[in-house]
Amino acid sequence: MLNKLVEVQMRARRRVLLHHPNAVACQVLRKVLKRADPLVNGVPTLGGLGVMNSDDEESYDYVFVGNGVAMQVEAGQPSILVDNADTTLGAGAESRFMIEPEEPDDPAQPAGFAKPGEPPDPQLKKADVFYLVFGADPALQVKVAYEVTGLESTSGMAPFAPRYVAIRRDDLDDYPGL
């Protein structure tokens with residue numbers, strides 16, 4: 001019975017986010033290692049001396065995994081006001097977002113993000129990069145990059161409604177025509 005409550009909450013959250021006036025189109029990319037042989041006997045290898053996990057790899061690329069809708073949400077902590085006290089500067093370097101995949105073309109297919117050949121997953125993973133996309137013309141779209149550094153939830157029951165903790169990635173921004 002309680003699981004039904006959470007499922008209804010997740011469906012309502014998705015519906016609201018997909019149609020919210022402050023929601024922004026986004027594109028999600030997943031980190032892929034570029035080493036020639038990432039598996040030995042079916043077990044992932046490390047890239048060399050001092051490499052502790054895949055976050056430390058120096059040779060990687062990003063692969064497009066899907067489009068979605070993102071909306072920045074509050075972290076519920078104090079923020080610094082600007083001098084004339086009409087807006088905040090945010091609470092720090094981290095931002096929080098709710099992100100949902102766009103509706104698939106095939107209604108029988110579940111909505112989600114996936115690399116080619118993988119089943120769709122509705123959640124982002126740590127180290128995924130997403131672009132907030134501004135503008136309708138693809139030649140003039142401004143893309144502002146963020147990297148997911150963690151997940152949190154405001155719900156205390158599974159399946160959890162994730163909020164993504166993200167940091168800006170200025171080095172990946174795309175400003176055509178500037």
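This report describes the barrel, the aromatic contacts and one loop residue of a predicted model.

## Barrel architecture

Six strands close into a barrel, and their order around it is E1-E4-E5-E8-E7-E6 with antiparallel pairing. Neighbouring strands of this sheet are turned against each other by 50° on average, direction ignored.

Strand E1 covers residues 24-33 and strand E4 residues 60-73; the two pair in the antiparallel sense over 10 bridges. At this pairing, Val 32 stands opposite Asp 61 in E4, and Leu 33 stands opposite Tyr 60 in E4. On its other side in the barrel order, E1 is joined to E6 by 4 bridges, again in an antiparallel arrangement. Here Val 28 has Phe 130 in E6 as its bridge partner. Strand E1 is mostly covered, since 7 of its 10 residues are buried.

## Further strand pairings

E4 continues to E5 through 6 bridges, and these two strands run antiparallel. Within this pairing, Gln 72 has Phe 97 in E5 as its bridge partner.

Strand E6, residues 129-134, is joined to strand E7, residues 142-153, by 6 bridges in the antiparallel sense. One position of this kind is Leu 132, which stands opposite Val 144 in E7.

## Aromatic pairs and cluster

The structure holds 4 aromatic pairs. One of them is formed by Tyr 60 and Tyr 62: the ring centres are 5.7 Å apart and the planes stand at 85°, so the pair is edge-to-face. The two residues are covered to unlike extents, as Tyr 60 is partly exposed with a relative accessible area of 29%, whereas Tyr 62 counts as buried at 16% relative accessibility.

Phe 97 and Phe 130 also form an edge-to-face pair, with 5.1 Å from centre to centre and 75° between the planes. Phe 97 lies in strand E5 (residues 94-101) and Phe 130 in strand E6, so this pair ties together parts that are 33 residues apart in sequence. Phe 97 is buried, with a relative accessible area of 1%, and Phe 130 counts as buried at 0% relative accessibility. Together with Tyr 146, Phe 97 and Phe 130 form one aromatic cluster. Both phenylalanines also take part in the strand pairings described above: Phe 97 is the partner of Gln 72, and Phe 130 is the partner of Val 28.

## Charged groups over rings

Two tyrosine rings named above have a charged side-chain end over them. The charged end of Lys 31 sits over the ring of Tyr 60, 4.3 Å from its centre. Tyr 60 is thus a residue with several roles in this description: its ring pairs with that of Tyr 62, and in the strand pairing Tyr 60 stands opposite Leu 33.

The charged end of Arg 168 sits over the ring of Tyr 146, 5.4 Å from its centre. Tyr 146 is the member of the aromatic cluster that accompanies Phe 97 and Phe 130.

## The loop between E6 and E7

Gln 141 is placed in the loop between E6 and E7. The residue is nevertheless buried, with a relative accessible area of 14%, below the 20% cut-off for that class.

A polar atom of the Gln 141 side chain lies 3.2 Å from the backbone oxygen of Gly 135. Leaving aside residues up to four places away in sequence, Gln 141 touches Val 133, Phe 134, Gly 135, Ala 136, Asp 174 and Pro 176.

Terms used
Residues are numbered from 1 along each chain as its sequence is written. This is a predicted model: local features need pLDDT of at least 70, side-chain atom pairs count only at pLDDT 80 or more; totals for chains, interfaces and linings use all residues. Side-chain values use heavy atoms; hydrogens and water are left out. Two strands pair if DSSP finds at least two bridges between them. Axes are lines fitted to C-alpha atoms, for helices over the stretch in contact, and angles run from 0 to 180 degrees between N-to-C directions. Rings of Phe, Tyr and Trp (its six-membered ring) pair if their centres lie within 6.5 Å; planes under 30 degrees apart count as stacked, over 60 as edge-to-face and the rest as tilted. Buried means under 20% relative accessible area, exposed over 50%, partly exposed in between (1.4 Å probe, protein chains only). A charge sits over a ring if NZ of Lys or CZ of Arg is within 6 Å of the ring centre and within 35 degrees of the ring normal. A polar contact is a pair of N or O atoms within 3.5 Å; within protein, one must be able to donate a hydrogen and the other to accept it, and residues adjacent in sequence count only if both atoms are side-chain atoms. Contact means heavy atoms within 4.5 Å.
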